Amino acid sequence: MYLNHFGFTKHPFNLTADPSFLFPSPQHREAMSFLFYGIKQRKGFLAITGEVGTGKTTLCRALLSLLDDRVKTAFILNSNLTEYQLLHAIIEDFGIGASMKNRMNLMRALNSFLLTQLRDGNNAVLIIDEAQNLSSSQLEQVRMLSNLETAEQKLLQIILVGQPQLRKKLDSKGLLQLRQRIAIRFHLYPLSRDEVGAYIAHRLRVASRGVPPSFDWKAIDLIYAYSGGVPRLINMTCDRSLLAAFALDTRTINAKIVRASIRELEGEPELTAVSAG
Ligand SMILES: Nc1ncnc2c1ncn2[C@@H]1O[C@H](COP(=O)(O)OP(=O)(O)OP(=O)(O)O)[C@@H](O)[C@H]1O
Ligand SMILES: [Mg+2]
């Protein structure tokens with residue numbers, strides 16, 4: 001609705017993990033270079049953890065869009081799979097045609113695919129998102145995949161991505177073997193006050209044909225206080241504020257607009273509950 005009015009070509013504050021919006025904050029940049037380094041150096045296991053809504057999935061999608069076609073990738077989003085299904089999903093996402101009868105066949109097919117990639121000078125990366133939901137036995141299955149190696153090289157680089165529970169899981173006693181194999185760990189934190197302002201401006205710019213509407217500094221203070229610097233919450237607040245600004249026919253979003261929008265966001269569950277009842 002407010003898209004045309006403000007001259008946006010796409011929604012500036014969508015909640016999807018669209019990599020074209022990636023705001024390269026220092027820590028997102030650092031995480032990205034760790035990932036590139038780990039993949040290039042064939043480090044085997046890497047782990048990215050971070051608070052809810054801090055940009056882990058967006059980072060993965062950005063990584064996938066930046067890797068060249070010499071790096072074969074599989075991206076697993078659904079962690080609600082049995083060990084067999086997980087292996088099956090990995091094989092399918094790599095585009096390997098295999099007889100899917102049993103785990104042994106699948107492992108053999110994956111191994112031979114990875115050896116072919118190595119021979120052709122390619123690399124292979126498996127990203128498992130939402131890895132905090134993986135059970136110990138699924139994680140054990142993933143660890144087995146890291147055994148696929150030659151005497152000199154890891155054949156498969158595995159990136160585990162998840163919320164802070166993943167960090168806890170990895171630190172638990174039962175997963176010592178897995179933990180010892182993780183070469184690089186990185187934790188994403190919410191954005192700082194200054195980064196919140198830059199983040200909002202960045203998303204507005206990416207979505208805009210011309211000069212986008214703007215948030216004044218008090219509005220940004222308030223968004224920072226409310227969101228704690230978590231991008232998903234920033235997006236929700238900004239989206240609501242733009243809608244209000246549209247209704248008020250203004251291009252400058254001030255603290256008053258943001259405050260009212262936050263109130264609406266906070267009140268919404270009750271309203272929904274009432275109308276649903
Ligand atoms: N660095 C960033 N640049 C641009 N947008 C971002 C960034 N980080 C997060 N976002 C935005 O915030 C929202 C949440 O991001 P995302 O889904 O990647 O978070 P997440 O850490 O994977 O969340 P969850 O913990 O729920 O899996 C998305 O709309 C995403 O586009
Ligand atoms: Mg995510």
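**Exercise 1. State which domains the chain contains and how far apart their centres are.**

Solution. The domain assignment, which is automatic or taken from a database, divides the chain into domain 1 (26-188) and domain 2 (191-267). Taken over C-alpha atoms, the centres of domain 1 and domain 2 are 35 Å apart. The model is predicted: local features need pLDDT of at least 70, side-chain atom pairs count only at pLDDT 80 or more, and totals for chains, interfaces and linings use all residues. Residues are numbered from 1 along each chain as its sequence is written, chains are lettered from A and ligands numbered from 1 in the order in which they are written, and side-chain values use heavy atoms, leaving out hydrogens and water.

**Exercise 2. Describe the interface of domain 1 and domain 2.**

Solution. Begin with contacts (heavy atoms within 4.5 Å): five residues of domain 1 touch five residues of domain 2. Next, take the buried area, the accessible area (1.4 Å probe) that two parts lose on being put together, summed over both. This area is about 400 Å², with 58% of it on carbon and sulfur atoms. Finally, count salt bridges (a side-chain nitrogen of Lys or Arg within 4 Å of a carboxyl oxygen of Asp or Glu); the rule finds zero across this interface.

**Exercise 3. Identify which residues surround ligand 1, and give the polar distances for Asn14, Arg203 and Arg232.**

Solution. Of the 21 residues around ligand 1 (a heavy atom within 4 Å), Phe23, Lys56, Thr57, Thr58 and Arg203 come nearest. Arg203 also places a polar side-chain atom 2.8 Å from a nitrogen atom of ligand 1. For Arg232, a polar side-chain atom is 2.9 Å from a ligand 1 oxygen atom. Asn14 instead uses a backbone N or O atom, 3.0 Å from an oxygen atom of ligand 1.

Definitions and conventions. A polar contact is a pair of N or O atoms within 3.5 Å; within protein, one must be able to donate a hydrogen and the other to accept it, and residues adjacent in sequence count only if both atoms are side-chain atoms.
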